[in-house]
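Biologist: I would like a close look at a single part of this model. Pick one residue, describe its setting, and then work outwards to the rest of the chain.

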Amino acid sequence: MSDESQGREHDKPEADTAAEVENAQEIDPIAVLTAEIEELKDQRLRMAAEMENLRRRTARDVKDAKSYAISGFARDMLQVSDNLDRALAAVPEQAEGATDNGLKTLIEGVELTGKAMLSALERHGVRKLEPKGQKFDPNFHQAMFEVPNPEVPNNTVIEVVQPGYVIADRMLRPAMVGVAKGGPKDVPVSEAAQAYQDDGKDD
């Protein structure tokens, strides 16, 4: 390698250093700090939004836990309530008017037990549906059979085989119903909605 080329190589680092110094002088430190501040502000806003979303999710989860934690237990208790109703239905009509105080006391005890159980469930947000006479709603009812009846609007609930229940605003158990078939067109949706609202107010 010639002395001339070696000299150019020695001169190159000095030239690069000079260019770096010139570029460093061109960078505005205020602009750098401003960019960093904006980036930190953006990170802070994102973190605040994430914390707010987490707070809302936590509050919703706590609310759901309070409202629906007993769903499984309430569903099991409804089976007990159904059995009490079946026991009362199995009592012959002539036995209800009999003078046997023991049997009469037993019937009254079963009735009071059933009412007390439903009252306890209501205190925990469980509400019984009374769909008879209302428009069939697949969100709340399960149709078991159809009854030809041209005197009432089509798809009107005319018989309740098993009552339905909701817990807070969720379905706990749909009502098993019989619906009318062959009557005039369905009742307006607004009437059915009003019936549900009235049912909720009665409770």
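Modeller: What follows starts at Ala168 and moves outwards from there. Keep in mind that this is a predicted model.

Start with the place. Ala168 sits in the loop that joins strand S4 (165–167) to strand S5 (170–173). The two strands form a hairpin with two residues between them. Within that hairpin, Ala168 adopts a positive phi near 55°. S4 and S5 run antiparallel and are paired over three bridges. One of the residues involved is Tyr165, whose bridge partner in S5 is Arg173.

Is Ala168 buried, exposed or partly exposed? Its relative accessibility is 42%. Buried would need a value under 20%, and exposed a value over 50%. Ala168 therefore counts as partly exposed.

Which residues does Ala168 touch, once those up to four places away in sequence are set aside? They are Ser67, Tyr68 and Gly125. Glu122 gives another reference point: its C-alpha atom is 9.8 Å from that of Ala168. Along the chain, 46 residues separate Ala168 and Glu122.

Glu122 leads on to the cavity. The structure has one cavity of 30 Å³ or more. The largest cavity has a volume of about 30 Å³. Its lining includes Glu122 and also Tyr165, the residue that pairs with Arg173 in the hairpin. The other lining residues are Leu118, Leu121, Val126 and Lys128. Two elements each give two or more residues to this lining: helix H5 (101–123) and strand S1 (126–128). H5 gives the most, with three residues. By class, the lining has four nonpolar residues and two charged ones, with no polar residue.

Next, the open sheet. Three strands make it up, in the order S2-S6-S3, with mixed pairing. Strand S2 (141–148) and strand S3 (157–162) are the edge strands, each pairing on one side only. From one strand to the next, the twist averages 30°. S3 pairs with strand S6 (residues 175–181) in the antiparallel sense, over four bridges. Within that pair, Val160 has Val177 in S6 as its bridge partner. As a general point, side chains in a regular strand alternate between the two faces of the sheet.

One further loop residue is worth a look. Asn155 lies between S2 and S3. Asn155 has a positive phi of about 65°, although it is not a glycine. Its relative accessible area is 25%, so Asn155 is partly exposed.

Finally, the whole chain. It contains six helices and six strands. Along the sequence, the pattern reads α-α-α-α-α-β-β-β-β-β-β-α. There are 203 residues in the chain, and buried ones make up 21% of them. Take the contacts with a separation of 6 or more: 71% of them join residues 24 or more positions apart.

Back to the starting point, then. Ala168 is a partly exposed residue in the loop between S4 and S5, with Ser67, Tyr68 and Gly125 among its contacts.

Technical notes: Residues are numbered from 1 along each chain as its sequence is written. This is a predicted model: local features need pLDDT of at least 70, side-chain atom pairs count only at pLDDT 80 or more; totals for chains, interfaces and linings use all residues. Side-chain values use heavy atoms; hydrogens and water are left out. Buried means under 20% relative accessible area, exposed over 50%, partly exposed in between (1.4 Å probe, protein chains only). Contact means heavy atoms within 4.5 Å. Two strands pair if DSSP finds at least two bridges between them. Axes are lines fitted to C-alpha atoms, for helices over the stretch in contact, and angles run from 0 to 180 degrees between N-to-C directions. On a 1 Å grid over the protein atoms alone, a cavity is a set of points where a 1.4 Å probe fits but cannot get out, and a pocket is an open set with protein on both sides within 12 Å along at least five of seven lines; lining residues have an atom within 4 Å of a point. Grid points are joined across faces, edges and corners, and a volume is the space filled by probe spheres set on the points. Ala, Val, Leu, Ile, Met, Phe, Trp, Tyr, Cys and Pro count as nonpolar, Asp, Glu, Lys and Arg as charged, and the others, Gly among them, as polar.
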